[in-house]
Amino acid sequence: MIHIIAAVDLRRGLGLRGGMLFHIREDLRRFKALTTGHTVIMGRRTFESLPGGALPNRRNIVLTRRAGLQLPGAETAPSLDAALAMTAGEPEVFIIGGASVYAEGMAHADVIDLTLIRQTAPEADTFFPEIGPEFEITATDPRDGFDFITYRRKA
């Protein structure tokens with residue numbers, strides 16, 4: 001099962017200058033709980049934005065066009081298709097950003113785990129792709145100021 005996991009504002013804003021728009025402790029705990037023990041796939045800039053480098057207790061695969069690039073604690077792949085091929089047989093894989101990886105990942109995703117922050121960050125410069133009609137909301141968990149929303153691909 002391929003998941004996309006992201007936190008967005010009301011305009012689907014994801015980030016600003018390579019960083020996150022919001023730091024919500026509950027969202028970060030949920031991210032850790034869902035992804036720990038699984039493979040996470042991300043773009044190189046997302047990897048570089050992680051404060052501690054590779055995420056612990058997860059297999060980290062970083063997409064990069066730079067052949068031979070060595071990233072501590074991570075494997076590299078030249079494309080999303082190559083990264084997904086590296087995870088064949090794994091029960092759950094998480095695509096964790098950035099925007100272009102999310103956009104490409106939509107065609108592969110079975111589940112979208114979204115944190116919808118009920119605010120608008122006017123300074124956002126990176127946006128999550130629109131979620132198409134091939135997905136339906138299967139769970140909503142309202143919190144103070146945001147919602148955890150699960151979308152699943154329609155059968």
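This is a short talk on the cores, strands and largest pocket of one protein structure.

Good morning. Please keep in mind throughout that the model is predicted.

I shall begin with the interior. As general background, nonpolar side chains in soluble globular proteins tend to be buried together. In this structure, the largest nonpolar core has 24 residues. Which of them touch the most other members? They are I4, I41, I112 and F128. Several elements supply at least two residues each to this core: the strands β1 (2-8), β5 (59-63), β7 (93-95), β8 (111-117) and β11 (146-153), together with the helices α3 (80-86) and α4 (99-105). The largest contribution comes from β1, which gives four residues.

I112 deserves a moment of attention. If we set aside its neighbours within four places in sequence, I112 is in contact with I4, M106, F128, I131, F135, I149, T150 and Y151. Two of the residues just named, I4 and F128, are also listed with I112 among those that touch the most other core members.

There is also a second core, separate from the one just described. It has 13 residues, including I5, F47, A54 and L71.

Let us turn to the strands, and to β11 in particular. Is β11 mostly buried or exposed? Six of its eight residues are buried, so β11 is largely enclosed by the rest of the structure. It has antiparallel partners in both β8 and β10. With β8, the pairing extends over seven bridges, and D113 stands opposite T150 of β11. With β10 (residues 135-142), there are again seven bridges, and here T150 is the bridge partner of A139. T150 therefore appears in both pairings: it faces D113 and it is bridged to A139. As a general point, strands of a sheet pair through backbone hydrogen bonds, either parallel or antiparallel.

The strands β10 and β11 form a hairpin, with three residues between them. In the turn, G145 has a positive phi of about 95 degrees. R143 is found in the loop between these two strands. With a relative accessible area of 30%, R143 is partly exposed, because that value lies between the limits of 20% for buried and 50% for exposed. Not counting residues up to four places away in sequence, R143 touches E26, R118 and F148. By contrast, F127 is 16 residues from R143 in sequence, and their C-alpha atoms are 22 Å apart.

A smaller group of strands comes next. Three strands make an open sheet in the order β3-β2-β9, with antiparallel pairing. Its edge strands are β3 (19-20) and β9 (126-127), each of which pairs on one side only. Between β2 (residues 13-16) and β3 there are two bridges, and G15 has M20 of β3 as its bridge partner.

My last topic is empty space. How much space lies in the largest pocket? The value is about 1,400 Å³. Its lining has 47 residues, and those closest to the centre are T46, S49, I96, G97 and G98. The elements that give two or more residues to this lining are β1, β2, β3, α1 (25-35), α2 (44-49) and α4. By type, the lining divides into 22 nonpolar, 16 polar and nine charged residues.

To close, β1 and α4 have been named twice, as suppliers of the largest core and as contributors to the pocket lining. Thank you for your attention.

Key
Residues are numbered from 1 along each chain as its sequence is written. This is a predicted model: local features need pLDDT of at least 70, side-chain atom pairs count only at pLDDT 80 or more; totals for chains, interfaces and linings use all residues. Side-chain values use heavy atoms; hydrogens and water are left out. A nonpolar core is a set of buried Ala, Val, Leu, Ile, Met, Phe, Trp, Tyr and Cys residues joined through side-chain atoms within 4.5 Å. Buried means under 20% relative accessible area, exposed over 50%, partly exposed in between (1.4 Å probe, protein chains only). Contact means heavy atoms within 4.5 Å. Two strands pair if DSSP finds at least two bridges between them. On a 1 Å grid over the protein atoms alone, a cavity is a set of points where a 1.4 Å probe fits but cannot get out, and a pocket is an open set with protein on both sides within 12 Å along at least five of seven lines; lining residues have an atom within 4 Å of a point. Grid points are joined across faces, edges and corners, and a volume is the space filled by probe spheres set on the points. Ala, Val, Leu, Ile, Met, Phe, Trp, Tyr, Cys and Pro count as nonpolar, Asp, Glu, Lys and Arg as charged, and the others, Gly among them, as polar.
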